[in-house]
Amino acid sequence: MSKAGLAQFQQVFIEESLEGLDTMESSLLALDNGGDGELVHTIFRAAHSIKGGAATFGFPEMSSFTHEAESLLDEVRSGKREIDGAIIELLLRTVDCLRNMFARAQAGEPLNDAVAEGLRNELAAMMGRGAPAAGVQARRNVDQADAWTVRFRPHAGMLAGGNEPLRLIRELAGIGELTVTPELDRIPEFAKLDPTECHLGWTIELKGPAKRADIAGVFDWVEDECDLAIEAKHIVAEVAAPVAAPASPAAPVANVADAGAARAQREASAESSSVRVSIDKIDGLINLVGELVITQSMLDTFREGDIDAARMAMLEHGLAQLARHTRELQESVMGIRMLPIASVFNRFPRMVRDISQKLGKQVKLELVGEQTELDKTVLEKIGDPMVHLVRNAIDHGLEMPDKRRASGKGDTGTLTLSASHRGGNIVVEVSDDGAGLNREAIVAKALQRGLIASGEGMSDEAVADLIFQPGFSTAAVTTDLSGRGVGMDVVRRNVSDLGGTVTIRSTQGKGSVFTITLPLTLAIIDGLTAAVGEERYIVPLVSIVESVQLKADAVRTVAGGGELFRFRNEYLPVIRLHDVFGCETSIRSIDEGLMVVVEGEGARVGLFVDGLIGQQQAVVKSLEANYRRVQGISGATILADGSVALIVDIAGLVRLQSRRKAA
Amino acid sequence: MGSKTNPQRKTGEARVIALPADFRLADLADVKAGLLQALEAPSVELDGAGVERVDTAALQLLLAFRRAASAQGLPASWVGVSETMRDAAGVLGLTQALELPATMPA
Amino acid sequence: MAKILAVDDSASMRGMVAFTLRGAGHDVSEAENGQLALDAARGGRYDLVLADVNMPVMDGISMVRELRTMPEYKGVPILMLTTESHTDKKMEGKAAGATGWLVKPFDPEQLLATVKRVLG
């Protein structure tokens, strides 16, 4: 098989190995929490698969590394060794190390490093022996002769096990010239013969120079299923030369020669991402397409003949059916991109364990709704904000055991990650039963930072929302966990990049709940269609605060040419879409058009448009893929009449606006 | 690849046993049953012309059958032997014990 | 051309085996674990079964044991895909009725040579 042929499975192997590592990790953690012995088998199986596949798919370093871990697990599995915290710790680090190795494999970098080497030694030490001495090989004196006698008598059950003397003797014939004499004396009486049993035997004379090992090799599978005697008739020499290495020595050379190509292959496959789809989902799609075809052919009958009242009713029925199937098909196709959030949730048990140990806190992690599915792209991007929220919750939310006791709570704090579908959205919550937000501390900090002029009259929600302001941090001491110069503002920005929102509810002394609301998919957005001259723009619904009709004098021009208008208690900048995108429109006076108040990047602006046409779902088409990137536009969509509408990128517009202001 | 155990039909006095195309271990029970019945016949003709796949177990069955036949004084002769069968018997050193004819008439 | 059943829970390993054997002109079916392999085996006879040892739901050893209780799988070659470190697994597989084994890691050439060996 060509290297390219092998490479296609290399990527599959890496993907399934990464899944295997996740399984190992979660099982190790469960074991750490007193899980049952079946977990050891699960862990072993994962390690075993990685080891077996690694060498086959061209990662021998990984294979030998995993081998050490596997041996250790095997001892645990077979009851030779009791599993304890030290072993779990070591194996968890092994999992990390393997993950890194896979990352390096995908980048085409050398797999081994000092960490791997150190770990390998630790694993070997745990096994009660040093690193395996290099170059030790089983050496056997090579018996060589130019004539042999082989006596071969299969046990009765050998044939049923699939080992065929025909094959064995044919293989022997490849070594030398044979004279085969059967032994027929043990064949039972015909009526009593079980045809699946073997009662024959052979004495085989083999002529031609041959090694004992080659002859014995023919019988390697049946060693325990036959009586076998291999006798040399003429001994030529006792040679003490080393046995040829079992693996073909040419292989490593070939690997070097092909390394460049293999690397290119790996890089190419690392970039292309794929989704695994369950057969059920595909079957569902095929069904739907089938129904669509039926409906279509039914509708086809209306091409001819007059349409009377009865046929009209049928036509309407058919169109309704078409609409339903199209919607279902759309949902199903979207469903292909949907994956359970479990893959994101599963990284947290380990993280929570590590962080809480570091801080000396006791934390119980609860996962709810792990099977909730969301779009693969959203899934890939939701991890970082969640990591931050979880870190924050353990670091700032949950208290030390003594403090918890003092406030009448149990020593162990509970951190809950939950996911659920609500309407067309995914809601992910990170909640803790810790101290909750401290209103006074937040207000004091916000005053100090100049974020607010006074805390008087601010609602609790408004105060809580302050923590999402850029540069806000209330921790008295910046720990190395949360204090990485990344604040909650980054969480909010990441979430809003996904078209979502993040909010907080908190009760002092009881805990906090961070709620991330995300669209089900990035491929479809709900938006309002706005008209600007002849053009149509889609404004994402999640960004819209309100639409207002303003009087001509409500907008003030400030120095530098910018326009501001008063909205509730703040002054918001005006962005005239016709200016930004250079559209011809007769509506330039503020009182003739509509001001759409939108929010993005934590800031509000007013978008001035001619008017709003209506609400619709828009299937997002990439502008970059089909044309080029345009500032302030996140994509395009096709309207019901076939014309193209551009989708406004609110965050991008806000950035554009602030740059203008600065200029 | 369905195995067929061919019906035994009387040809004059002799019973002809046509050995199946797939003449291997998993399908030998049926063949053995046919051969057991054939031991009752006045004479037997074995037809191995249609044998496409054969194994040691099958040839061992034939060996045991021929022994039983000759112990009863029942004439058992070959009316056809496929190349596959001849080759297998040769490898196992059983050509003689099975009394396979040197060349077969068509 | 032979009908071959490749059983492995690892999609990559299974894919590689199937790909290699199909390339050599064989008719290859795939199964993810021992249980699915048994279902497949009941549905039609295979000339050769290649099975991983460690699999969820039903491991390779139990699968071999079950297969050998089926009359039509008496004598059919069944090879275990195993790793060197597990000599006892080879023996356990043999005791259950496996014909032989193929030691992981193996490359496509070794696989083809072994398959050729059992299929004759």
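**Exercise 1. The mixed sheet of chain A**

Task: Describe the open sheet of chain A in which 5 strands run in the order β7-β9-β10-β12-β11, with mixed pairing.

Solution.
- Start at the rims. β7 (363-368) and β11 (501-507) of chain A are the edge strands, and each pairs on one side only.
- Take the twist next. Neighbouring strands are turned by 15° against each other on average, direction ignored.
- Fix the terms. Helices (H or I, at least four residues) and strands (E, at least two) are DSSP runs, numbered from the N terminus. Two strands pair if DSSP finds at least two bridges between them. Axes are lines fitted to C-alpha atoms, for helices over the stretch in contact, and angles run from 0 to 180 degrees between N-to-C directions.
- Look at one pair. β7(A) and strand β9 (residues 413-422) of chain A run parallel and share 6 bridges. Within this pairing, A:Glu366 stands opposite A:Thr416 in β9(A).
- Add the helices. Helix α12 (residues 348-359) of chain A packs on the sheet and touches β7 and β9 of chain A. The direction of α12 makes about 165° with that of β7(A). Helix α13 (residues 376-397) of chain A also packs on the sheet, touching β7, β9, β10 (425-432) and β12 (511-519) of chain A. The direction of α13 makes about 170° with that of β12(A). Contact means heavy atoms within 4.5 Å.

The model is predicted: local features need pLDDT of at least 70, side-chain atom pairs count only at pLDDT 80 or more, and totals for chains, interfaces and linings use all residues. Residues are numbered from 1 along each chain as its sequence is written, chains are lettered from A and ligands numbered from 1 in the order in which they are written, and side-chain values use heavy atoms, with hydrogens and water left out.

**Exercise 2. The parallel sheet of chain C**

Task: Which strands of chain C form an open sheet, and in what order?

Solution.
- Read the order. The 5 strands follow β2-β1-β3-β4-β5 in chain C, and the pairing is parallel.
- Find the edges. They are β2 (27-31) and β5 (100-104) of chain C, each paired on one side only.
- Note the turn. It is 20° on average between neighbouring strands, direction ignored.
- Zoom in on one pair. Strands β1 (residues 3-7) and β3 (residues 48-52) of chain C are joined in the parallel sense over 4 bridges. C:Ala6 has C:Leu50 in β3(C) as its bridge partner.
- Place the helix. Helix α3 (residues 60-69) of chain C packs on this sheet, touching β1, β3 and β4 (78-83) of chain C. The α3 direction makes about 170° with that of β4(C).

**Exercise 3. Two residues of chain C**

Task: Is C:Thr82 buried or exposed? Ask the same of C:Val57: buried or exposed?

Solution.
- Set the scale. Buried means under 20% relative accessible area, exposed over 50%, partly exposed in between (1.4 Å probe, protein chains only).
- C:Thr82 lies in strand β4 of chain C. Its relative accessible area is 3%, so C:Thr82 is buried.
- Check its surroundings. Leaving out residues up to four places away in sequence, C:Thr82 touches C:Val53, C:Lys89, C:Lys90, C:Trp101, C:Leu102, C:Val103 and C:Lys104.
- C:Val57 sits in the loop between β3 and α3 of chain C. With a relative accessible area of 71%, C:Val57 is exposed.
- Check its backbone. Phi of C:Val57 is near 65°, a positive value in a residue other than glycine.

**Exercise 4. Two helix crossings**

Task: Classify the crossing of α6(A) with α3(B), then that of α3(A) with α5(A).

Solution.
- Recall the method. Two packed helices are described by the angle between their axes and the distance between the axes.
- Know the classes. Angles under 35 degrees count as roughly parallel, over 145 as roughly antiparallel, 65 to 115 as roughly perpendicular and the rest as oblique.
- First pair. The axes of α6 (residues 165-173) of chain A and α3 (residues 83-91) of chain B come within 9 Å and cross at roughly 70°. These helices are therefore roughly perpendicular. A:Leu166, A:Ile169 and A:Arg170 meet B:Asp87, B:Ala88 and B:Val91.
- Second pair. The axes of α3 (residues 60-77) and α5 (residues 114-126) of chain A come within 9 Å and cross at roughly 30°. These two are therefore roughly parallel.
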